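Visitor: I am new to protein structures and would like a close look at one part, the sheet and what surrounds it. Please take it slowly and connect the pieces for me.

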Amino acid sequence: MNYRHGFHAGNHADVIKHIALLALCDALTAKPAACFALDTHAGRGLYWLDADEARRTGEAEGGIACLVSGKDALIDHYLAAVAACRAQHGETAYPGSPWLLAHALRAQDRIAACELQTDEATALRQHFAAEPRLHVHHRDGYAAMKALLPPRDGATRLNRGLVLIDPPYEAQLAEFDTALAAIGDALERWPQGIYALWYPIKQGRALAAFMRRAAALSAKSALVCELLVRPDVSPLRMNGSGMMIWNAPWQLDLRLQPAFAALAQTLGENGQGRSRAEWLKQS
Ligand SMILES: C[S@@+](CC[C@H](N)C(=O)[O-])C[C@H]1O[C@@H](n2cnc3c(N)ncnc32)[C@H](O)[C@@H]1O
């Protein structure tokens with residue numbers, strides 16, 4: 001495996017993924033009962049945008065670095081989380097999904113973060129050594145879905161929660177098969193869980209089969225949220241990305257639509273940004 005998220009931290013894909021993740025955490029924490037978050041492909045949890053790998057790609061320049069506050073409530077919420085991370089870890093820090101989960105969830109909530117690569121898992125452990133709510137699992141995230149769902153905290157079953165599935169897609173289209181099979185299986189065992197899968201968009205038309213299969217899973221609903229920063233015609237570039245959210249909270253579309261539209265305006269290249277946040281199926 002060659003993928004290192006440090007090269008891509010804070011790019012347009014991270015921006016949409018992390019904005020959607022914070023919106024999901026808001027919905028979960030709106031009720032007092034404890035909840036559970038499983039981050040199947042966690043990365044190292046914390047990045048620095050002046051690190052060699054981030055500087056080499058400059059991808060954050062087309063993502064977090066472009067955003068300013070005052071355009072949309074969810075974008076502001078995300079910028080506040082990034083600012084909180086920077087207050088703790090320095091002005092060039094960028095939070096990964098485990099950091100955002102630990103930031104957004106509460107004392108009673110539990111987080112499991114899986115990472116397969118040894119050096120990434122070691123860094124993840126170091127970053128969260130003082131965080132009792134977050135458990136690092138140095139293992140395959142898909143296998144962890146089988147082992148950890150439905151979630152428990154000791155003898156207590158946790159009914160509410162989310163699974164973030166954020167694979168590197170080194171296996172290209174085969175990764176969709178693996179992810180859909182894992183989500184289909186998890187839905188059988190934990191039907192009420194929220195499942196959020198990030199995916200890259202090169203050519204939009206190549207995703208038609210994925211959309212059909214996503215809608216066919218046994219979840220009550222499926223919400224598709226996408227941001228294109230340029231037309232989705234080139235098979236060689238990541239022209240945008242999306243989050244497919246099964247069992248998405250009620251009215252999440254209404255929060256994500258204006259946020260993603262504002263992102264399309266800000267992050268789209270040469271005015272070519274496009275977005276959508278709409279139900280593929282709804283209960
Ligand atoms: C896109 S990055 C994750 C970024 C992170 N979710 C975030 O938003 O900050 C994908 C990560 O998955 C790890 N990985 C790849 N295959 C995996 C697997 N089968 N199980 C767990 N982790 C895996 C990679 O090493 C990489 O760190």
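Visitor: To give us a starting point, which residue in β9 stands opposite L164?

Guide: A196 in β9 stands opposite L164. Before we go on, please keep in mind that this is a predicted model. The pair you asked about belongs to a longer match between two strands: β8, residues 160–165, and β9, residues 194–201, run parallel and are joined by four bridges. As a reminder, strands of a sheet pair through backbone hydrogen bonds, and the pairing is either parallel or antiparallel.

Now let us step back to the whole sheet. It is an open sheet of eight strands, and if you walk across it you pass them in the order β5-β4-β1-β8-β9-β11-β10-β12, with mixed pairing. The two edges are β5 (134–137) and β12; each has a single partner strand, so one side of each has no neighbour in the sheet. From one strand to the next, the twist averages 15 degrees.

Next to β8 in that order comes β1, and C35 makes a good stop there. C35 has its place in β1, which covers residues 35–39. Is C35 buried or exposed? C35 has 24 other C-beta atoms within 10 Å, and the cut-off for buried is 20 or more, so C35 counts as buried. Leaving aside residues up to four places away in sequence, C35 touches L28, L105, D109, L158, R160 and G161. You can also use C35 as a ruler: C35 and H137 are 102 residues apart in sequence, and their C-alpha atoms are 18 Å apart in space.

Let us now walk towards the β12 edge, to strand β10. This strand runs from residue 222 to residue 228, and seven of its seven residues are buried, so β10 is largely enclosed by the rest of the structure. In a regular strand, the side chains alternate between the two faces of the sheet. With that in mind, look at both sides of β10: A222, V224, E226 and L228 lie on one side, L223, C225 and L227 lie on the other, and all of them are buried.

What does β10 pair with? One partner is β11, residues 240–246, which runs antiparallel to β10 and is joined to β10 by seven bridges. To find a spot where they meet, look for A222, whose bridge partner in β11 is W246. β10 also pairs with β12, residues 274–281, again in the antiparallel sense and over seven bridges. Here you can look for L223, whose bridge partner in β12 is W279. Finally, helix α9, residues 252–267, lies across β10 and β12, running at about 155 degrees to β12.

Let us leave the strands for a moment and turn to some helices. The axes of α1 and α3 (residues 73–89) come within 9 Å and cross at roughly 100 degrees, so the two helices are roughly perpendicular to each other. Where they meet, H18, I19, L22 and A23 of α1 are in contact with L74, I75, H77, Y78 and A81 of α3. By class, that contact has seven nonpolar residues, two polar ones and no charged ones. Another helix, α4 (residues 97–104), is mostly covered, with six of its eight residues buried. The buried ones are S97, P98, W99, L100, L101 and A104.

S97 also leads us to the ligand. There are 21 residues around the ligand, and H41, G43, G96, S97 and G141 come nearest. The elements that give two or more residues to this shell are α1 (12–29) and α6 (141–148). The shell divides into eight nonpolar, seven polar and six charged residues.

One last stop is for the backbone. Most residues other than glycine have a negative phi, and most peptide bonds are trans. Y169, in the loop between β8 and α7 (174–189), has a positive phi near 60 degrees. With 18 C-beta neighbours inside 10 Å, Y169 counts as partly exposed. Q172 is in the loop between β8 and α7 too, and its phi is near 55 degrees. Q172 has 10 C-beta neighbours inside 10 Å and counts as exposed. Lastly, L149 and P150 are joined by a cis peptide bond, with omega about 0 degrees, and P150 is found in the loop between α6 and β6 (152–153).

Methods:
Residues are numbered from 1 along each chain as its sequence is written. This is a predicted model: local features need pLDDT of at least 70, side-chain atom pairs count only at pLDDT 80 or more; totals for chains, interfaces and linings use all residues. A residue is near a molecule or strand if its C-beta atom, placed from the backbone, lies within 6 Å of it. Ala, Val, Leu, Ile, Met, Phe, Trp, Tyr, Cys and Pro count as nonpolar, Asp, Glu, Lys and Arg as charged, and the others, Gly among them, as polar. A residue is buried if 20 or more other C-beta atoms lie within 10 Å of its own, exposed if 12 or fewer, and partly exposed in between; C-beta atoms are placed from the backbone. Two strands pair if DSSP finds at least two bridges between them. Axes are lines fitted to C-alpha atoms, for helices over the stretch in contact, and angles run from 0 to 180 degrees between N-to-C directions. Angles under 35 degrees count as roughly parallel, over 145 as roughly antiparallel, 65 to 115 as roughly perpendicular and the rest as oblique. Two residues are in contact if their C-beta atoms, placed from the backbone, lie within 7 Å.
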